[in-house]
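This report describes one protein model for a reader who has not met it before. It takes up a pocket, the nonpolar cores, two helices and a few backbone details.

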Amino acid sequence: MAVLTERHQPGIKEMFQIPIVGGGRINPTGDKVIYGLMHVDNFRDNQVKTAIYLFDDQTNTTYPFVTEDIFSQVRWVDHQTLALLKLAGEAGFQIFLFEGLVGTGQQITDHQGGIETFEPFGNGFLYTARKTPDEIIDREGRYGKFKIAGEQGSVSALYYVDRGRMLDYRQNSRQSCRESSQLAKPVIELSGLLEKPVEIESVIPSPGGSSVFINCRSNEDEFCREVTDCFRIEFDPDGIFRGGGNPALGVKSSRLALPKGAQVRAISPDGTGMLVLHKSGGPGGHIQSDLWLLDLTLPREILEHADLKPYLACLTKSLDQEPLNVYWTRQGIFLSYWDKSSCKIARLSQDGEIEVWETLGLSAEAFFLNEDAQISMRAASATRLAEIYYGSPVSKGWDLKRITNFNEQYTDWDFGTAETIHWTSKDGTEIEGVLRKPSNFEPGKKYPLIFNVHGGPAAVSPLILLENNNRYFYPTVQFLNKDILILEPNYRGSLGRGQEFLALNFDHLGIGDLWDIESAIDQLVAQGFVDETRIGCMGWSQGGYISAFAAIHSNRLKAASAGAALSDWRIYRAGSDEPQAILLSGDPFSNKAWFDKSAPISAVHQAQTPILFQHGEKDPRVPLISAMEMYRALKARGVPTTLVVFPGQGHGFLKPRESYALMLQNYRWFMHHLMGEALDLLMDD
């Protein structure tokens, strides 16, 4: 028998040393890649820091580009110019320009309240920001601040700024003896020309440089999430300022008559075609989206005033997967999608043919294509940490080269092994999952088992060496190194298995999930290497709901941890910012029996499993009262339970100290209940 070389078994706090690389963006000429690197320097400042690195193919060198500032949303303006959003003190995030890829950047905007998103366009930038209507400002001056449910409060606004004119303006305002407010600022509010105030979700510039498409909701209210509009704004980016900055001169705005819930995803390089993401079966989380092609050369009266459904051609009929990232390049249309537990990239023809492109056998977690289909991507595998790759297109793939090499720093760290397994659920459905084992796994030995259930539910647990929630939420690696198996089930309703599988949890929440969990236990116990008396379950959001449901409705678990978990659908519908996401017919009042049956709290009278609840105090998705309800009900019944509330935190958070506490609490909870160690949630690692 071969002797394994002893490898380092990292503690929980050491996991924060491992950097997380960003997706990367390749420049228009394909010879430079910009990417981000998230890391934790120390726990004293309690911040996850991000640095930007630039790789230059011509010199084969990588160097830090921005390291000290807080920033986001890096964009290439041309092959030698970058722009990004950088925090400018109390002014919030503003656009900074790096011409020649040198210096600390020139500040382009000074928008009060900061900028949310931006895209290069014409001679400047399109950007979105919050705007409070004048009538609300006037009302606050008279009565103070309050909000009426369903009322349009602050809204999104779309602006265009000319970068050259703005730099001149900023220079002149500093030198002029006049007040800067008397100078004409070269910024135009484009959304003011729309027929109504909107909530902008995304901005898609046309490559031609004369049109921009905006995906909107008519209202930020949760009941309007599926009430969408798409507007096209046409203007000459340079000529718009020749008329004294009056946006009404030379600007056309129109609404495209797209179906309810549809969104623009990409425009063809020549500006004549549009890709639309739309659920042909209607709105709802249990319906997969398809990509549809729309001819933008159709007469304006058809595009703006007719029902466009007859003019949409479905391109993804043969795919049967949810499209993720979409790019329309001169080499064709490319999209990514989950294929079971791996993320694939394919080229899509305008006839609907799908051609999967090779990515070295890696799962492409995130990718970016320039107009020539040159790629930069973050990818990982079951044996490698995520790295940044780039390359030019070749036959059915790319000549990929790796830029980063972080994996080499941790080759002596023991992360265990990962593999996919399949089992048959109680209704005959095949379920897939990622089984993580200790590196020294022995088939004849019986191991404790913990389920790590992903959120979503329309998401995936990927077959990669180390997922992000294994670094910031759950101490998977530490459990593996204590000889505990981890199973990450891609339960019914997960992506990567097609529409039929995605819809299996509709009107079957909780019950079907429990079938998938219990049938996995049955199979692994039958194979002889799982100890049926030491099984746990943990998860966040939907994973927290499933963990709570399984722990309360079943006696198969020894312990559970439920993060951001809902207890009752009435509470969720009343308090969540996404009440429409409930995958049940009707509502808790018209369909009371089924809503009760699928709620974790409904079986609390039979609960015996110890549960750890972890929740953000200001969680807008699953209100804190959900965890409090289950915690108090279990306490009243004498079931061992603990509730940990994180002040100021929302539905998910990455504050290092809080993440460390969260992981440590889960570690201590399961080591106590499964392995017999003393329970001390405050004991450091």
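A pocket here is an open set of grid points, on a 1 Å grid, with protein on both sides within 12 Å along at least five of seven lines. Its volume is the space filled by probe spheres set on the points. The model is predicted.

**The second largest pocket**

The second largest pocket has a volume of about 1,600 Å³. Its lining consists of 47 residues, and those nearest the centre are Arg-25, Glu-119, Pro-205, Tyr-327 and Phe-368. Sorted by class, the lining holds 23 nonpolar, 14 polar and 10 charged residues. Several strands supply at least two lining residues each, among them β2 (25–26), β6 (71–78), β10 (117–121) and β26 (363–369). The strand that gives the most is β14, with six residues.

**The nonpolar cores**

The largest nonpolar core contains 55 residues, and the most contacts inside it belong to Leu-449, Phe-451, Leu-487, Trp-569 and Ile-611. Helix α8 (residues 542–553) provides the largest share of this core, seven residues. A second, separate core has 31 residues, including Tyr-474, Val-644, Met-663 and Tyr-667.

Which residues does Phe-451 touch, beyond its neighbours within four places in sequence? Phe-451 is in contact with Leu-487, Pro-489, Ile-517, Ala-520, Ile-521, Ile-535, Gly-536, Cys-537 and Met-538.

**Helices α7 and α8**

Three of these partners, Ile-517, Ala-520 and Ile-521, are listed among the buried residues of α7. Others buried in that helix include Ile-511, Leu-514 and Leu-524. The 16 residues of α7 (residues 511–526) should span 22 Å at 1.5 Å a residue, and its end C-alpha atoms are 22 Å apart, so the two values agree. Just after α7, Gly-528 has a positive phi of about 95°.

For α8, with 12 residues, the expected span at 1.5 Å a residue is 16 Å; the end C-alpha atoms are 16 Å apart, so expectation and model agree. Helix α8 is mostly covered, as 11 of its 12 residues are buried. Among them are Gln-542, Tyr-545, Ile-546, Phe-549 and Ile-552.

**Two prolines**

Pro-475 sits in the loop between α4 (469–472) and α5 (476–480). Its relative accessibility is 0%, so Pro-475 counts as buried, the cut-off being under 20%. Apart from its neighbours within four places in sequence, Pro-475 is in contact with Ile-12, Met-663, Asn-666 and Tyr-667. Asn-666 is 191 residues away from Pro-475 in sequence, yet their C-alpha atoms are 7.3 Å apart in space.

Pro-457 lies in the loop between β34 (447–453) and α4. The peptide bond leading from Gly-456 to Pro-457 is cis, with omega near 5°.

**Positive phi outside glycine**

Two residues other than glycine with a positive phi are set out below.

| Residue | Phi | Location | Relative accessibility |
|---|---|---|---|
| Gln-73 | near 55° | strand β6 | 24%, partly exposed |
| Asp-320 | about 55° | loop between β21 (313–314) and β22 | 40%, partly exposed |

Gln-73 belongs to β6, a strand that supplies at least two residues of the lining of the second largest pocket. Asp-320 is in a loop, and the strand β22 (326–329) at one end of that loop also supplies at least two lining residues.

How values were computed
Residues numbered from 1 in each chain as written. Predicted model: local features only at pLDDT ≥ 70, side-chain atom pairs only at ≥ 80, totals over all residues. Heavy atoms only, no water. Core = buried A, V, L, I, M, F, W, Y, C linked by side-chain atoms within 4.5 Å. Buried < 20%, exposed > 50% of the residue type's maximum accessible area, 1.4 Å probe, protein only. Helix = DSSP H or I, 4+ residues; strand = E, 2+ residues; numbered from the N terminus. Contact = heavy atoms within 4.5 Å. 1 Å grid on protein atoms, 1.4 Å probe; cavity = no way out; pocket = protein on both sides within 12 Å on 5 of 7 lines; lining within 4 Å. Nonpolar A, V, L, I, M, F, W, Y, C, P; charged D, E, K, R; others polar. Expected span 1.5 Å × (residues − 1).
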